Amino acid sequence: ITKRNLLNFFKAREAGVERERLEKHLVDGGLVPTQSILELYSTPLTEVAQRLQGLFNLSDALQAYESTRNIAELEVALDRELASRYVSRMRASSMSSVYVFWFMIQAEYERSNIRRIVYGKHYGLSEENIRRLLLLVE
């Protein structure tokens, strides 16, 4: 929920969508309340990074996004933050529903990486840029 809400927030800002319209596309729940996301809508990106600092370290990704306007920079940064926070804990669990959930998340990350590689090659990105966009969780 958190990742989807934040990506919708950044996409809406980029597209110039009205704040009220964005509100309809946010889902309650997650680590960042929807009201907090809406309050960030008109703030500069540097301040957005500062206000989210307690939850996510997005300052580098936001700097890269400002120069490239590539939303994938933010998506990868959010994935890395969430993976480092939760996935390693799940992997250490014994065979249970948590382990099954960990396996499903790993499969989703692999699918995302394959999609990023295919799109990167399609759009002529260098191997270095594609590697930077991959989410590798150990």
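**Exercise 1. Find the salt-bridge partners of arginine 51.**

Step 1. Arginine 51 makes a salt bridge with glutamate 39, with 3.8 Å between the closest N and O atoms. Here a salt bridge is a side-chain nitrogen of Lys or Arg within 4 Å of a carboxyl oxygen of Asp or Glu. This pair links distant parts of the chain, with arginine 51 in helix H4 and glutamate 39 in helix H3, 12 residues apart. Helices are DSSP runs (H or I, at least four residues), numbered from the N terminus.

Before going on, a word on the model: it is predicted, so local features need pLDDT of at least 70 and side-chain atom pairs count only at pLDDT 80 or more, while totals for chains, interfaces and linings use all residues. Residues are numbered from 1 along each chain as its sequence is written, and side-chain values use heavy atoms, leaving out hydrogens and water.

Step 2. Now look along H4: the side chains of arginine 51 and glutamate 47 also meet in a salt bridge (3.6 Å, N to O). They are separated by about one helical turn, because they stand 4 residues apart in helix H4.

Step 3. Check the accessibility. Arginine 51 is partly exposed at 43% relative accessible area, glutamate 39 is partly exposed at 42%, and glutamate 47 is partly exposed at 31%. The classes are buried (under 20% relative accessible area), exposed (over 50%) and partly exposed in between, with a 1.4 Å probe and protein chains only.

**Exercise 2. Work out which side of helix H4 is buried.**

Step 1. List the buried residues of H4: Leu45, Val48, Ala49 and Leu52. They lie on the same side of H4, because they cover an arc of only 100° around the axis. That arc is taken from the directions from the helix axis to the C-beta atoms.

Step 2. Turn to the other side of H4, where Thr46 and Gln50 are exposed.

Step 3. Ask what the buried residues of H4 pack against. The partners are helix H1 (2-15) and helix H5 (59-68).

**Exercise 3. Describe the surroundings of two threonines.**

Step 1. Threonine 43 sits in the loop between helix H3 (34-39) and helix H4 (45-52). Threonine 43 is buried, with 11% relative accessible area.

Step 2. A polar atom of the threonine 43 side chain is 2.7 Å from the backbone oxygen of leucine 40. Leaving aside residues up to four places away in sequence, threonine 43 touches Arg13, Val48 and Arg51; contact means heavy atoms within 4.5 Å.

Step 3. Threonine 34, in helix H3, is buried as well, at 17% relative accessible area. Leaving aside residues up to four places away in sequence, threonine 34 touches Asn5, Leu26, Val27 and Asp28. Its side chain joins that of aspartate 28 in a polar contact of 3.2 Å. A polar contact is a pair of N or O atoms within 3.5 Å; within protein, one must be able to donate a hydrogen and the other to accept it, and residues adjacent in sequence count only if both atoms are side-chain atoms.

**Exercise 4. Look for salt bridges elsewhere in the model.**

Step 1. How many salt bridges are there? The count comes to 11.

Step 2. One of them joins arginine 132 and glutamate 73, whose closest N and O atoms are 2.5 Å apart. Arginine 132 is in helix H8 (residues 127-133) and glutamate 73 in helix H6 (residues 71-91), so the pair ties together parts 59 residues apart in sequence. Glutamate 73 is buried at 10% relative accessibility, whereas arginine 132 is partly exposed at 38%.

Step 3. Finish with a network of salt bridges, which links Lys3, Glu75, Asp79, Arg115 and Arg116.

Conventions
Helix = DSSP H or I, 4+ residues; strand = E, 2+ residues; numbered from the N terminus.
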